[in-house]
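Student: Got a minute to go through this one with me? I'd like to start with the terms and then look at the details.
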Amino acid sequence: MQAWIDTHCHLDAPEFTNDVEAVRKRAAFNNVSKCIIPAVEVPEFEAARGLAHRFGDAYALGIHPLFVERAAEDALARLDESLGLYAHDPSLVAVGEIGLDYFVPALNEQPLRARQELFYREQLKLARRYERPVILHVRRSVDAVLKGLRDIPVPGGIAHAFNGSLQQAQIFVEMGFKLGFGGAVTYERATRLRELAKSLPIESLVLETDAPDIPPRWLYATSDERSAGKPQGRNEPGELPRIASVIAALRGISEQELMERTTQNALAAIPGLAKLLEPSRG
Ligand SMILES: [Zn+2]
């Protein structure tokens, strides 16, 4: 367990189409041994699976709340079918990315709000039936996400890019979830989030980049810089160790300790990772 795990990385995103090989090599060079690639919609399932196999990584299958609007009528049936078809694929480790997003105004209005909830709950039922942990997208929706988990218990998982209160964090932890922390903690103004990353029990933390999204501070282009022509920075899994060093410093522990503990936590949340970690491909 001498390497980092990026528990949330969209290597199948269009931003990586042209250089995914180089991106993954840089991550390996920076000692990121495994990525979990969560698919976001049915047409991406094979791409996520293919990349996971190509790089010795893990993948998850699910329909992201931002993609429920354009999801085909048979999307949930297709997810069910794929979870069954790949039930014995060791690289398939979770159902995700699923959840609720009440931040985007259009998604928070009917009929999309109800459609999000339908997809979320039906996917929880699939996770339960196939005994898979889930990778959760939670944005302005903590209470509704927790209610779904109470109604339809699943075998744990990760609340990714967590940004709730300490009390909400504790509820997820009590329900057997880990919380994903990434580039957002690198911003000094993110005081509440940094406080959480510092004070939550270390057992509850996993690391992620959410690449290509959530660029850390050193990649972020301000709106002034963008209007002057500088493109927004693209996050990638190779940034994980530098993000981790910020969290280690906040907690006053060594990067080595953070690496070991968060790897254990990732294995506890997503047990299927264990098979992929041995033998190490280096
Ligand atoms: Zn994501």
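Tutor: Sure. Strands here are DSSP runs of E with at least two residues, numbered from the N terminus. Keep in mind that this is a predicted model.

Student: OK, so which strand does leucine 207 lie in?

Tutor: Leucine 207 is in strand β8, which covers residues 205-207.

Student: Is leucine 207 buried or exposed?

Tutor: Leucine 207 counts as buried, because its relative accessibility is 3% and the cut-off for buried is under 20%.

Student: What does leucine 207 touch, leaving out residues up to four places away in sequence?

Tutor: Its contacts include Trp4, Ile5, Asp6 and Thr7. Phe181, Leu240, Ala244, Ile247, Leu258 and Thr262 are also touched by leucine 207.

Student: And how far apart are leucine 207 and methionine 259?

Tutor: In space they are 9.0 Å apart, C-alpha to C-alpha, with their positions 52 residues apart in sequence.

Student: Switching to the metal. Which protein donors does the zinc ion have?

Tutor: His8 and His10 each donate through NE2, and Glu97 through OE, at 2.1 to 2.2 Å from the zinc ion. Along the chain the donor spacing reads H-x1-H-x86-E. Histidine 8 sits in the loop between β1 (4-6) and α1 (20-29), while glutamate 97 belongs to strand β4 (residues 92-101), so this pair ties together parts 89 residues apart in sequence.

Student: Are histidine 8 and glutamate 97 buried or exposed?

Tutor: Histidine 8 counts as buried because its relative accessibility is 0%. Glutamate 97 counts as buried too, at 1%.

Student: Now helices. At what angle do α3 and α4 pack?

Tutor: Helix α3 (residues 75-85) and helix α4 (residues 112-129) pack at about 15°, and their axes are 11 Å apart. The two are therefore roughly parallel, and their crossing is right-handed.

Student: Which residues make that contact?

Tutor: From α3 you have Ala75, Leu76, Leu79, Asp80 and Leu83, and from α4 Phe119, Glu122, Gln123, Leu126 and Arg129. By class, that contact of α3 with α4 has 6 nonpolar, 1 polar and 3 charged residues.

Student: What about α5 and α6, at what angle do they pack?

Tutor: About 20° for helix α5 (residues 142-151) and helix α6 (residues 166-174), with axes 11 Å apart. That angle makes α5 roughly parallel to α6. The crossing of α5 and α6 is left-handed.

Student: Who's in the contact there?

Tutor: Val142, Asp143, Val145, Leu146, Leu149 and Arg150 of α5 meet Gln168, Ile171 and Phe172 of α6. The contact of α5 with α6 divides into 6 nonpolar, 1 polar and 2 charged residues.

Methods:
Residues are numbered from 1 along each chain as its sequence is written. This is a predicted model: local features need pLDDT of at least 70, side-chain atom pairs count only at pLDDT 80 or more; totals for chains, interfaces and linings use all residues. Side-chain values use heavy atoms; hydrogens and water are left out. Axes are lines fitted to C-alpha atoms, for helices over the stretch in contact, and angles run from 0 to 180 degrees between N-to-C directions. Helices (H or I, at least four residues) and strands (E, at least two) are DSSP runs, numbered from the N terminus. Angles under 35 degrees count as roughly parallel, over 145 as roughly antiparallel, 65 to 115 as roughly perpendicular and the rest as oblique. A crossing is left-handed if the near helix is turned anticlockwise from the far one by less than a right angle, and right-handed if clockwise. Contact means heavy atoms within 4.5 Å. Ala, Val, Leu, Ile, Met, Phe, Trp, Tyr, Cys and Pro count as nonpolar, Asp, Glu, Lys and Arg as charged, and the others, Gly among them, as polar. Donors are N, O and S atoms within 2.8 Å of the metal (3.2 Å for Na, K and Ca); water is not among the atoms, so sites may look incomplete. Buried means under 20% relative accessible area, exposed over 50%, partly exposed in between (1.4 Å probe, protein chains only).
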